[in-house]
Protein chains: 2
Amino acid sequence: MKIQDLLREERAAVETSLDRLLPDESAWPSRLHAAMRYAVFGGGKRIRPILARLAHRAAGGDADDITAAACGIELIHTYSLIHDDLPALDDDVLRRGRSTVHVAFDEATAILTGDALLTLGLEVLATCPEPEAWAARRARAVALVAAAAGSRGMVGGQVEDLAATGHLDEDGGAAASRLELIHRHKTGDLLRASVQLGAVLAGAAPETEALFAEFGARLGMAFQVADDILDATATAEELGKSPGKDEAAGKLTFVTLYGLDRARAILHDLESRLESLASQLEAPGGPLGALAHFICQRRS
Amino acid sequence: MKIQDLLREERAAVETSLDRLLPDESAWPSRLHAAMRYAVFGGGKRIRPILARLAHRAAGGDADDITAAACGIELIHTYSLIHDDLPALDDDVLRRGRSTVHVAFDEATAILTGDALLTLGLEVLATCPEPEAWAARRARAVALVAAAAGSRGMVGGQVEDLAATGHLDEDGGAAASRLELIHRHKTGDLLRASVQLGAVLAGAAPETEALFAEFGARLGMAFQVADDILDATATAEELGKSPGKDEAAGKLTFVTLYGLDRARAILHDLESRLESLASQLEAPGGPLGALAHFICQRRS
């Protein structure tokens with residue numbers, strides 16, 4: 001199956017599960033539940049739950065067992081976008097072509113919607129899959145994802161990003177190490193945890209789990225480097241948004257910091273390492289390797 | 001031991017554990033960790049972790065086994081205060097006589113500090129107590145507390161409270177049912193979950209767990225009714241803050257809604273039921289009954 005077709009099928013499974021996990025808009029408190037659904041069903045790629053499902057399958061599990069748990073990570077990802085968009089942080093009014101939550105609803109609702117999605121995401125990880133035999137793996141799943149999402153992970157990366165753009169005072173540091181901190185934590189930790197979650201829920205041995213975690217961490221970094229390269233090189237038509245925005249905004253990226261050639265070389269090295277890791281985690285031609293290739297070569 | 005002395009001892013155990021659980025200010029990202037510590041060490045009564053410890057002991061456990069887990073709830077309580085104080089919500093500049101987090105730091109840091117404390121609180125519940133034999137109880141603990149803290153619990157109560165004070169549009173409803181919704185969820189659910197947590201971590205049978213949960217729910221309600229009565233009747237000296245603020249602000253409270261006499265009758269009924277529940281949960285003269293009495297009779 002072509003990777004695009006696989007991703008389409010995977011995405012459908014994730015959407016169905018997300019719809020089941022989110023409280024109905026008619027249930028109290030309905031405005032909050034409406035905002036949670038507005039935020040979650042905003043056209044995301046669902047890359048995190050898909051990664052968890054693919055990793056679970058590669059580690060010998062049945063991906064359908066863990067779809068709900070995988071969606072827990074998507075809820076946490078969604079909360080992080082809502083809070084990042086707030087006026088006090090990035091102050092974004094649009095996301096994926098739609099009004100951000102604080103614009104479509106109001107700021108108080110946006111803050112509480114993020115809080116509720118984070119809480120629900122970890123609750124889902126603590127309760128899915130339901131059978132008692134999974135209880136110990138569920139506890140590990142919560143611990144793994146919460147650590148990746150917390151102050152030493154995603155939230156820490158966001159603090160560093162705000163500091164880099166002058167929004168916040170924070171420990172100084174050279175641009176290169178700051179860029180690495182931002183990407184490793186702000187987006188990388190949750191992507192890494194997504195892949196690792198699939199392995200943990202399959203009961204993978206620690207050495208195997210570590211390989212999955214490395215695959216996830218490098219995939220997250222590759223995703224970011226590819227994004228930076230695309231912003232610098234793609235046409236507006238390919239990208240669906242204005243290219244060159246990063247440089248214009250003086251933003252710290254792999255391209256603005258290292259130049260285009262070195263950024264491409266970094267991405268090439270990451271792709272080689274991802275291929276090598278994938279070959280240890282799945283049969284040749286498997287979906288993890290295909291997804292890594294797809295991400296490193298993407299044009300939009 | 002007098003209840004005040006017991007509470008002092010309990011509080012000391014909780015403070016020590018909180019200090020161990022919170023990342024050091026010197027660890028990256030240090031400004032965020034400083035804000036987390038500023039918020040947590042602001043002089044709270046620690047009633048939630050103390051309730052969890054007392055309930056655990058009453059259910060046959062060793063309270064010292066679960067101090068860290070109990071502190072997970074205190075971190076979640078602290079996050080809720082930080083976000084409630086934000087300009088977009090209650091816009092409070094002072095809490096317990098000190099600047100709120102968004103005043104002492106800034107708004108972005110306050111939002112992220114709340115996020116990080118919520119995440120850490122649930123991580124602590126997923127990881128403490130550490131031994132593998134506790135894993136299934138840890139997963140239940142996360143599920144229990146997250147459900148109490150989420151959209152159908154504490155966050156939902158906050159939405160309702162904002163709607164009542166005209167900050168937010170939300171489903172209408174008569175004042176009495178709205179007041180009940182606010183108290184049951186905004187403060188009640190987490191207090192109830194604190195008591196229930198102690199029982200769950202002791203492996204209590206479902207019927208026993210339900211009694212602990214009822215005790216916690218009614219204690220939470222009693223706490224709120226007593227607070228409303230105090231605001232209407234205590235002198236500024238007794239209260240340490242200006243009394244009568246609720247009525248002046250047109251706030252929906254048990255006293256403004258029902259009048260002082262009926263509020264006192266409600267509190268009296270709650271105290272009787274709490275005594276009866278305590279007699280089923282512990283030996284006569286035990287700390288749960290003493291704490292209930294203390295809360296219902298408090299003068300400040």
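1. Helix axes are taken here as lines fitted to C-alpha atoms over the stretch in contact, and the angle between two of them runs from 0 to 180 degrees between N-to-C directions. On that basis, in this predicted model, the axes of helix 1 (residues 3-21) of chain B and helix 4 (residues 67-85) of chain B come within 9 Å and cross at roughly 80 degrees. Since angles of 65 to 115 degrees count as roughly perpendicular, helix 1 of chain B and helix 4 of chain B are therefore roughly perpendicular to each other. The contact brings A13(B), V14(B), S17(B), L18(B) and L21(B) of helix 1 of chain B against T67(B), A68(B), C71(B) and E74(B) of helix 4 of chain B, and by class these residues divide into 6 nonpolar, 2 polar and 1 charged.

2. A second helix pair, in chain A, has another geometry: helix 14 (residues 260-281) of chain A and helix 15 (residues 287-297) of chain A pack at an angle of about 170 degrees, with their axes 8 Å apart. The two helices of chain A, 14 and 15, are therefore roughly antiparallel to each other. On the side of helix 14 of chain A the contact involves L267(A), L270(A), E271(A), L274(A), E275(A), A278(A), S279(A) and L281(A), which meet L288(A), G289(A), A292(A) and C296(A) in helix 15 of chain A; the residues of this contact comprise 8 nonpolar, 2 polar and 2 charged.

3. As for the relation between the chains, a rotation of 180 degrees, with 0.0 Å of shift along its axis, superposes chain A on chain B with an RMSD of 0.0 Å. The two copies are thus related as by a two-fold rotation axis, and the same surface serves both of them, in that 100% of the contact residues of chain A recur in chain B. The residue of chain A that comes closest to the rotation axis is A139(A), whose C-alpha lies at 2.4 Å.

4. The contact between the chains takes 51 residues from chain A and 51 residues from chain B. On the side of chain A that touches chain B, the elements that give two or more residues are helix 2 (30-40), helix 6, helix 7 and helix 8 of chain A, and helix 6 of chain A supplies the largest share, 14 residues. By class, this side of chain A has 28 nonpolar, 11 polar and 12 charged residues.

5. Helix 7 (residues 135-149) of chain A deserves a separate comment. At 1.5 Å a residue its 15 residues should span 21 Å, and its end C-alpha atoms are 21 Å apart, which agrees. Of these 15 residues 11 are buried, so helix 7 of chain A is largely enclosed by the rest of the structure; among the buried ones are R138(A), A139(A) and R140(A). The cover includes helix 4, helix 6, helix 8 and helix 9 of chain A, together with helix 6 and helix 7 of chain B.

6. Helix 8 of chain A is likewise mostly covered, with 10 of its 11 residues buried, including M154(A), Q158(A), E160(A) and D161(A). What covers these buried residues includes helix 4, helix 7 and helix 9 of chain A as well as helix 2 and helix 6 of chain B.

7. Finally, W134(A) is found in the loop between helix 6 and helix 7 of chain A. It has 20 C-beta neighbours inside 10 Å and therefore counts as buried, the cut-off being 20 or more. W134(A) and L18(A) are 116 residues apart in sequence and 20 Å apart in space, C-alpha to C-alpha.

How values were computed:
Residues are numbered from 1 along each chain as its sequence is written. Chains are lettered from A and ligands numbered from 1 in the order in which they are written. This is a predicted model: local features need pLDDT of at least 70, side-chain atom pairs count only at pLDDT 80 or more; totals for chains, interfaces and linings use all residues. Copies are superposed by least squares on the C-alpha atoms of residues with pLDDT of at least 70 in both. Two residues are in contact if their C-beta atoms, placed from the backbone, lie within 7 Å. Helices (H or I, at least four residues) and strands (E, at least two) are DSSP runs, numbered from the N terminus. Angles under 35 degrees count as roughly parallel, over 145 as roughly antiparallel, 65 to 115 as roughly perpendicular and the rest as oblique. Ala, Val, Leu, Ile, Met, Phe, Trp, Tyr, Cys and Pro count as nonpolar, Asp, Glu, Lys and Arg as charged, and the others, Gly among them, as polar. The expected span of a helix is 1.5 Å times one less than its number of residues. A residue is buried if 20 or more other C-beta atoms lie within 10 Å of its own, exposed if 12 or fewer, and partly exposed in between; C-beta atoms are placed from the backbone.
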